[in-house]
Amino acid sequence: MFRRFRAAAIVSALLLVAPALAHNGVVHHGPLNISVPFTRATLPNAPVAGGYLTIENTGDASDRLVSATSPAAGTVQLHQMKMEGDVMKMSPLADGITIEAGETVALEPGGLHIMFLGLTQPFVEGESVPVTLVFEHAGPVEIEIPVQAADATEAHGAGEHAHDAPEGEHSH
């Protein structure tokens, strides 16, 4: 009897997370597709790190990434980098990041990104960072962000999805 109950509990738990399971490296969460996540390895005492990924909204309505959390950091914020005069400035986005219907938003170095503040341990290349993204309409989704080399500029294999594009025309 206990085995049947345990098996039913496991199946139920898997069904609850099924909408957020990754397929071909893409996490499908309702009408949102989250892909090519990465962060960079940090030095042992680094207090901060950035996180990057792409969010595609295949739905008929806009959604908004309103927050993110992770046990890997004391605080996680959504940030932007932008030029103010001749100076690049970083600032938090209190209203989150809107993903319009039918649009794709890239969180990437030098632009929109996830900011991990107060790291609980160094980010080590080859490991991953658990992150919960919270969307206004689609709700929360747990993802794993792979840690790449400290000088990484995009996720491993980020350009590989456009196999049929001519040389130099890969979309990201």
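Student: Quick one to start: which residue is the bridge partner of His-28 in β3?

Tutor: That's Asn-33. Keep in mind that we're looking at a predicted model here.

Student: OK. How do β2 and β3 pair, parallel or antiparallel?

Tutor: Antiparallel, over 3 bridges, with β2 covering residues 26-29. The two strands form a hairpin that has 2 residues between them. Gly-30 sits in that turn and has a positive phi of about 60°.

Student: What other strands does β3 pair with?

Tutor: There's β4, which pairs with β3 in the antiparallel sense over 6 bridges. Leu-32 stands opposite Asn-57 of β4, for example. Then there's β12, residues 139-148, which pairs with β3 in the parallel sense over 2 bridges. On that side, Arg-40 stands opposite Gln-148.

Student: How many residues of β3 are buried?

Tutor: 7 of its 9, so the strand is mostly covered.

Student: And Val-36 in β3, what's its phi?

Tutor: Near 40°, which is a positive value in a residue that isn't glycine. Most residues other than glycine have a negative phi. As for cover, Val-36 is partly exposed because its relative accessible area is 26%, which falls between the 20% and 50% cut-offs.

Student: Zooming out, how many helices and strands does the chain have?

Tutor: The protein chain has 1 helix and 12 strands. Starting from the N terminus, the helix comes before the strands.

Student: How much of the chain counts as buried?

Tutor: 33% of its 172 residues. The chain exposes about 10,400 Å², and carbon and sulfur atoms supply 56% of that area.

Student: What share of the contacts join residues at least 24 apart?

Tutor: 62%, counting contacts between residues at least 6 apart in sequence.

Student: Switching to rings. How many aromatic pairs are there?

Tutor: The count comes to 2 aromatic pairs. One of them is Phe-38 with Tyr-52, a tilted pair at 5.0 Å centre to centre, with 35° between the planes. That pair links distant parts of the chain, with Phe-38 in β3 and Tyr-52 in β4, 14 residues apart. Both of these residues are buried.

Student: And what about Phe-116 and Phe-123, what kind of pair do they form?

Tutor: An edge-to-face one, at 5.4 Å centre to centre and 75° between the planes. Phe-116 has a relative accessible area of 0%, so it counts as buried. Phe-123 is at 3%, so it's buried too.

Student: Which residues have the most contacts inside the largest nonpolar core?

Tutor: Phe-116 again, along with Leu-133, in a core of 29 residues. Leaving aside neighbours within four places in sequence, Leu-133 is in contact with several residues, including Ile-34, Leu-53, Leu-65, Ile-114 and Val-141.

Student: Where is Thr-132, then?

Tutor: In strand β11, residues 128-135. Not counting neighbours within four places, its contacts include Ser-67, Thr-69 and Glu-142. Its C-alpha is 9.9 Å from that of Val-76, and those two residues are 56 apart along the chain.

Student: Back to Phe-123. Which side chain has a polar atom 2.9 Å from its backbone nitrogen?

Tutor: The side chain of Thr-42. Thr-42 is in the loop between β3 and β4.

Student: Why does Thr-42 count as buried?

Tutor: Because its relative accessibility is 18%, and the cut-off for buried is under 20%. Apart from residues up to four places away, Thr-42 touches Val-48, Ala-49, Leu-119, Pro-122 and Phe-123.

Student: Last one, His-79. Which strand is it in?

Tutor: His-79 lies in β6, residues 73-84. With a relative accessible area of 6%, it's buried.

Student: Which side chain does His-79 make a polar contact with?

Tutor: Gln-77's side chain, at 2.6 Å. If you skip residues up to four places away, His-79 also touches a set that includes Met-90, Pro-92, Leu-112, His-113 and Met-115.

Conventions. Residues numbered from 1 in each chain as written. Predicted model: local features only at pLDDT ≥ 70, side-chain atom pairs only at ≥ 80, totals over all residues. Heavy atoms only, no water. Helix = DSSP H or I, 4+ residues; strand = E, 2+ residues; numbered from the N terminus. Buried < 20%, exposed > 50% of the residue type's maximum accessible area, 1.4 Å probe, protein only. Polar contact = N/O pair within 3.5 Å; in protein donor to acceptor, adjacent residues only side chain to side chain. Contact = heavy atoms within 4.5 Å. Core = buried A, V, L, I, M, F, W, Y, C linked by side-chain atoms within 4.5 Å. Phe/Tyr/Trp six-rings, centres within 6.5 Å; stacked < 30°, edge-to-face > 60°. Pairing = 2+ DSSP bridges. Areas by Shrake-Rupley, 256 points an atom, 1.4 Å probe, with all protein chains shown as cover.
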